[in-house]
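Biologist: Hi! Could you pull up the model so we can walk through it together?
Modeller: Sure, here it comes.

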Amino acid sequence: MSKLLVIFGATGQQGGSIVESVLGDAQLSKEYSIRGTTRDASKADALELVKKGIEVVKAEVDDAASLEKAFKGAHVVFANTVTVYDGNTHAHEVNHGRALADAAVSAGVPFLIYSTLPHAGNISGGKLKNMGHFDGKAEVEQYIRTLPLRSAFIAPASFMSNFHASMAPHPAGDGTYAFANFVKPDTKMPLIDTAGDTGKWVAAILADFPKYEGKVLCCATALYTFQEIADAMSKASGKTVAYKQLPEEMWRGFLPPVMRDHIAEMLQYFQDHGYYGEDTEGQVKWSTEQARGKLTTLDEYFKKNPLNL
């Protein structure tokens, strides 16, 4: 009889990637059946999962009974939280993450895989005060380590999909495009094709949980400088995309006030400490070697997802 994997947020980028990785894996597809949760089981992407043979159930992170019901009978639960910028980011991360972990314990789940991030506040020596979207996840990770279940963790890098959204290049007014930020052009940022590759690390954990128990897989294809990202944008689009380093205050002016401090401190953290803190490069290198399947480079991502400049 197959073991039950419950994916919280199966219609999201991380959850959807895990679904595809497990279904496409000759070993794991036989070993696991999948139940996915969503906030609305009637929406199109949830119905697509049903067509693939996935059991889809409704669950809300602030409804403990729905979580426990969704997790009942699971051998492994994958859980992650969605960052909300509303002035209470840190509290949301901690409360939502703890709720997911507590529900797993209440449901008697033996194995939990959690999507975490580094504690930027601690890594910066307390200098960075607005990193709740990182620190809250890290605090939940530490909480999970105290609970009566076995756990492993993934820490996704910066999403390549951001280059079609908040980090998209903009017209410079002379036929070229600017990829703008305030950090130095040689600042390195690890990148992941979230929808395409997250599942490849989770699959590695599912295939050999004892090997990865207690460990954090830093999920990134590679580290790219901001200059290298601009060069990749130029190569993919056939247009000139230049990295433009702006004064921080000018750059901040382009962001919504509710998320301004969070995003600015995050970029400062990347520049000063590295995304994963000490030995970011070594952590990424080790983690890429653990992935179960080929990872997507930035060039390959842009080929699949054109910038359309």
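Biologist: Which residues does Phe 163 touch, leaving out those up to four places away in sequence?
Modeller: This is a predicted model, and in it Phe 163 touches Ala 168, Pro 169, Phe 179, Met 189, Leu 191, Ile 229, Met 233, Leu 298, Phe 302 and Leu 307.

Biologist: And how many residues are in the largest nonpolar core?
Modeller: That core has 74 residues, and those with the most contacts inside it are Phe 163 and Phe 179. Apart from it lies another core of 25 residues, which includes Val 6, Ala 59, Phe 71 and Leu 149.

Biologist: Why would nonpolar side chains be buried together?
Modeller: That is a general tendency of nonpolar side chains in soluble globular proteins.

Biologist: Let's switch to helix α7. How many of its residues are buried?
Modeller: 11 of the 13 residues of α7 are buried, so the helix is mostly covered by the under 20% cut-off on relative accessible area. The buried ones are Gly 132, His 133, Phe 134, Asp 135, Gly 136, Lys 137, Ala 138, Val 140, Glu 141, Tyr 143 and Ile 144.

Biologist: What covers them?
Modeller: The cover includes the helices α5 (89–106), α6 (120–123) and α12 (257–273). It also includes the strands β5 (111–115), β6 (150–156) and β11 (216–219).

Biologist: What span should α7 have, and how far apart are its end C-alpha atoms?
Modeller: At 1.5 Å a residue, the 13 residues of α7 (residues 132–144) should span 18 Å. The end C-alpha atoms are 18 Å apart, which agrees.

Biologist: What about Met 131, where does that one lie?
Modeller: Met 131 lies in the loop between α6 and α7. Its relative accessible area is 0%, so Met 131 is buried. Beyond four places in sequence, Met 131 touches Ala 120, His 262, Glu 265, Met 266 and Tyr 269.

Biologist: How far is Met 131 from Ala 155 in space?
Modeller: They are 15 Å apart, C-alpha to C-alpha, with their positions 24 residues apart in sequence.

Biologist: Pockets next. How much space lies in the second largest one, and what lines it?
Modeller: The second largest pocket holds about 170 Å³ of space. Its lining has 14 residues, of which Leu 117, Pro 118, His 119, Ala 138 and Glu 141 lie nearest the centre. The elements giving two or more residues to that lining are α6, α7 and β11.

Biologist: Which element gives the largest share of the lining?
Modeller: That's α7, with 3 residues.

Biologist: Now my favourite bench question: how many disulfides does the structure hold?
Modeller: The count is 0. Cys 218 is in no disulfide, and the nearest cysteine sulfur, that of Cys 219, is 7.4 Å away.

Biologist: Why is there no bond for Cys 219?
Modeller: The closest cysteine sulfur to that of Cys 219 is the one in Cys 218, and at 7.4 Å it is too far for a bond. The cut-off for a disulfide is a pair of sulfur atoms within 2.5 Å.

Biologist: Are those two cysteines buried or exposed?
Modeller: Cys 218 counts as buried because its relative accessibility is 2%. Cys 219 counts as buried too, at 0%.

Biologist: Which residues is Phe 182 in contact with, beyond its neighbours within four places in sequence?
Modeller: Phe 182 is in contact with Tyr 243, Gln 245, Leu 246, Pro 247, Glu 248, Trp 251, Ala 264, Leu 267 and Gln 268. Phe 182 lies in the loop between β9 (177–181) and β10 (188–192), and it is buried, with a relative accessible area of 7%.

Biologist: One last topic, the backbone. What is the phi of Asp 279, and where is that residue?
Modeller: Asp 279 has a positive phi of about 55° although it is not a glycine. Its place is in the loop between α12 and α13 (280–290). As a general point, most residues other than glycine have a negative phi.

Biologist: And what about Asn 308, buried or exposed?
Modeller: Asn 308 is exposed, with a relative accessible area of 70%. Asn 308 lies in the segment after α14 (298–304) and has a positive phi of about 55° although it is not a glycine.

How values were computed. Residues are numbered from 1 along each chain as its sequence is written. This is a predicted model: local features need pLDDT of at least 70, side-chain atom pairs count only at pLDDT 80 or more; totals for chains, interfaces and linings use all residues. Side-chain values use heavy atoms; hydrogens and water are left out. A nonpolar core is a set of buried Ala, Val, Leu, Ile, Met, Phe, Trp, Tyr and Cys residues joined through side-chain atoms within 4.5 Å. Buried means under 20% relative accessible area, exposed over 50%, partly exposed in between (1.4 Å probe, protein chains only). Contact means heavy atoms within 4.5 Å. Helices (H or I, at least four residues) and strands (E, at least two) are DSSP runs, numbered from the N terminus. The expected span of a helix is 1.5 Å times one less than its number of residues. On a 1 Å grid over the protein atoms alone, a cavity is a set of points where a 1.4 Å probe fits but cannot get out, and a pocket is an open set with protein on both sides within 12 Å along at least five of seven lines; lining residues have an atom within 4 Å of a point. Grid points are joined across faces, edges and corners, and a volume is the space filled by probe spheres set on the points.
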